[in-house]
Amino acid sequence: MGEEKHYWLLKTEPGEWSWEDQAANGGVTKWDGVKNKQAQKNLKSMKLGDLCFFYHSGAKARRVVGVVTVVREWYSDGGDDSVVDVKAVGEMRRPVDLKEMKGEKGLKDFALFRQPRLSVVPVPEDVWIRVCDLGGGYQGDGIVLESHDSDGESGEEEDD
């Protein structure tokens, strides 16, 4: 049996590193600059294949905008930096705002709300599923979407 997959939330200021930067970078980047000891501990707990919400923080854009996966586990960057490498999986079909998440009863105990300054946050599986539902999933999740042709006929197409 393989190891259990874990879920995380990675915060970034869009002016420092945005979803657009992640996608334009070939989708792979070194996640560095994590200084808080608890956030570093979370970063070190990440395993290959773990999924992470890509979260824009800051005054204007507090929302989950995409999903990345861990492609290289924790390593030292030479200095004091603890880093992991992540690769873009897909953009959320609809960004999920912090305010919307806070309004969900099932998300009341989410660590994002209890420790708002933490930049690497564990996400319980039930919270992961609910946030994905709120955003309509993410591109690349394998969900079959229903589309309508010009005659109003329903058809199925798989999202890439």
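## A cluster of aromatic rings

In this predicted model, Tyr-7, Phe-53 and Trp-128 are joined into a cluster by ring pairs. A search of the whole structure gives five aromatic pairs. One of them brings together Trp-31 and Phe-54 in an edge-to-face arrangement, with 5.6 Å from centre to centre and 85° between the planes. This pair connects distant parts of the chain, since Trp-31 belongs to strand β2 (residues 28-31) and Phe-54 to strand β3 (residues 51-56), 23 residues apart.

Both partners of that edge-to-face pair can be placed with respect to the surface. Trp-31 has a relative accessibility of 5% and therefore counts as buried. Phe-54 is likewise buried, at a relative accessible area of 0%.

## Strand β1 and its surroundings

Tyr-7, a member of the ring cluster, is also part of strand β1, which spans residues 7-12. The strand is mostly covered, with six of its six residues buried. In a regular strand, side chains alternate between the two faces of the sheet. In β1, Tyr-7, Leu-9 and Lys-11 point one way, while Trp-8, Leu-10 and Thr-12 point the other way. The residues of both sets are all buried.

Which strands pair with β1? One partner is β3, which runs parallel to β1 and is joined to it by six bridges. Within this pairing, Leu-9 stands opposite Phe-53 of β3, and Phe-53 is itself a member of the ring cluster. Another partner is strand β6 (residues 120-122), which pairs with β1 in the antiparallel sense over three bridges. Here Trp-8 stands opposite Pro-122 of β6.

## A charged group over a ring

A further contact with an aromatic ring involves a charged side chain. Arg-72 lies over the face of Tyr-75, at 3.5 Å from the ring centre.

## Cysteines

How many disulfides does the model contain? The count comes to zero, where a disulfide would require a pair of cysteine sulfur atoms within 2.5 Å. In general terms, a disulfide is a covalent bond between the sulfur atoms of two cysteines.

Are Cys-52 and Cys-132 buried or exposed? Cys-52 has a relative accessible area of 0%, so this residue is buried. Cys-132 has a relative accessibility of 10% and therefore also counts as buried, because the cut-off for a buried residue is under 20% relative accessible area.

Notes: Residues numbered from 1 in each chain as written. Predicted model: local features only at pLDDT ≥ 70, side-chain atom pairs only at ≥ 80, totals over all residues. Heavy atoms only, no water. Phe/Tyr/Trp six-rings, centres within 6.5 Å; stacked < 30°, edge-to-face > 60°. Helix = DSSP H or I, 4+ residues; strand = E, 2+ residues; numbered from the N terminus. Buried < 20%, exposed > 50% of the residue type's maximum accessible area, 1.4 Å probe, protein only. Lys NZ or Arg CZ within 6 Å of the ring centre and 35° of its normal. Pairing = 2+ DSSP bridges.
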